[in-house]
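Colleague: I have a new model open at the bench, and I would love a friendly walk through it. Could we go over it together?

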Amino acid sequence: EQILDAAIPFAGRWLLPPSGSTPLHIALKLVDGDRADEAQQYIQALVRQSDERPEYLSAGLLNLLGAISLDKREFREAGEAFTRALHLDPDNRQAHIELGGVLLGFQKGAAAAPHFEAALKTNPTDPELWYKLGLARLQIGELAKAEQNMLQVLKLRADPLAHWQLGAIYLGQGDPKRSIA
C-alpha cells in the first residue's frame, strides 16, 4: 500500500517518475496483493499513455499484461500484449513463447512456429518448446518436421504426449505399425 500511495498520487499519471519503483514493480505489487484487475487497468492506462510517456512501458510490463489476460481467458488481448512486447524487444523470449502459445490455441501453427523457433535459439534444450513447435508443425501438415521435433523432445526427456503425437504422425504418414509401436 505504501508503494502504491507513493507511486500513484493521481490515477494512471505521475507528476514525476516514481521513486524507487518502476511501473512493472508497481504492477507486480498489485498482482501480489491479489489485485490483478487493478494491475491490468493500471498497465492498460500506461499503454494508452505510451505515446506521451514511452519510458513507462517495457516488454516485461506488457508480458505481465499478457499473463493477466491469459489468466482471464482474454486470448486476443493477451496476443496483442505479447505482440507489443516484441515490438519493444524483438528478442524477448517470454513474449515469443507466450505469443506462440496463443497463436497455437487459435490454430495458427504457421504463425506460431517462428516464435517457438526464436525461443529455442536461446535454450535449445527446452523439451516443452520442441513439443509446441512440433504441434505447430502438425497444424500446418509438416509431418516430417513435426516428427523430428517430437523425436527431439524424447531425446531430452521421457514424454508420453510426444510418443502419442509420434503415433499420430506415423499414422498420418500411412505407417500404422510404427504408430502402434
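What follows is a short conversation about this predicted model.

Colleague: How many helices and how many strands are in the chain?

Modeller: Remember that we are looking at a predicted model. Read along the sequence, every element in the pattern is an α, as in α-α-α-α-α-α-α-α-α-α-α. The count for the chain is 11 helices and zero strands.

Colleague: Thanks! What share of the residues in the chain is buried?

Modeller: Here a residue counts as buried when its relative accessible area is under 20%. The chain has 181 residues. Of these, the buried share is 41%.

Colleague: Which residues have the most contacts inside the largest nonpolar core?

Modeller: In soluble globular proteins, nonpolar side chains tend to be buried together. In this chain, the largest nonpolar core has 44 residues. Those with the most contacts inside that core are Tyr 42, Ile 43 and Phe 116.

Colleague: Let's stay with one of them. Which residues does Phe 116 touch, leaving out those up to four places away in sequence?

Modeller: Phe 116 belongs to the group with the most contacts inside the largest nonpolar core. With residues up to four places away in sequence set aside, Phe 116 touches Ile 97, Gly 100, Gly 101, Leu 104, Leu 129, Lys 132, Leu 133 and Ala 136.

Colleague: Now a polar residue: is Asn 149 buried or exposed?

Modeller: Asn 149 sits in helix α9, which covers residues 143-156. Beyond residues up to four places away in sequence, Asn 149 touches Trp 130, Leu 133, Gly 134 and Arg 137. Because its relative accessible area is 2%, Asn 149 counts as buried.

Colleague: Which side chain joins that of Asn 149 in a polar contact of 3.0 Å?

Modeller: The residues that Asn 149 touches include Trp 130 and Arg 137. The polar contact of 3.0 Å runs from the side chain of Asn 149 to that of Arg 137.

Colleague: On to the loops: is Arg 73 buried or exposed?

Modeller: Arg 73 lies in the loop between α4 (59-71) and α5 (75-88). Its phi is near 60°, a positive value in a residue other than glycine. Because Arg 73 has 62% relative accessibility, it counts as exposed.

Colleague: And what value is the phi of Gln 107 near?

Modeller: Gln 107 lies in the loop between α6 (93-105) and α7 (109-122). At 59% relative accessibility, Gln 107 counts as exposed. Its phi is positive, in a residue other than glycine, and is near 60°.

Note on methods. Residues numbered from 1 in each chain as written. Predicted model: local features only at pLDDT ≥ 70, side-chain atom pairs only at ≥ 80, totals over all residues. Heavy atoms only, no water. Helix = DSSP H or I, 4+ residues; strand = E, 2+ residues; numbered from the N terminus. Buried < 20%, exposed > 50% of the residue type's maximum accessible area, 1.4 Å probe, protein only. Core = buried A, V, L, I, M, F, W, Y, C linked by side-chain atoms within 4.5 Å. Contact = heavy atoms within 4.5 Å. Polar contact = N/O pair within 3.5 Å; in protein donor to acceptor, adjacent residues only side chain to side chain.
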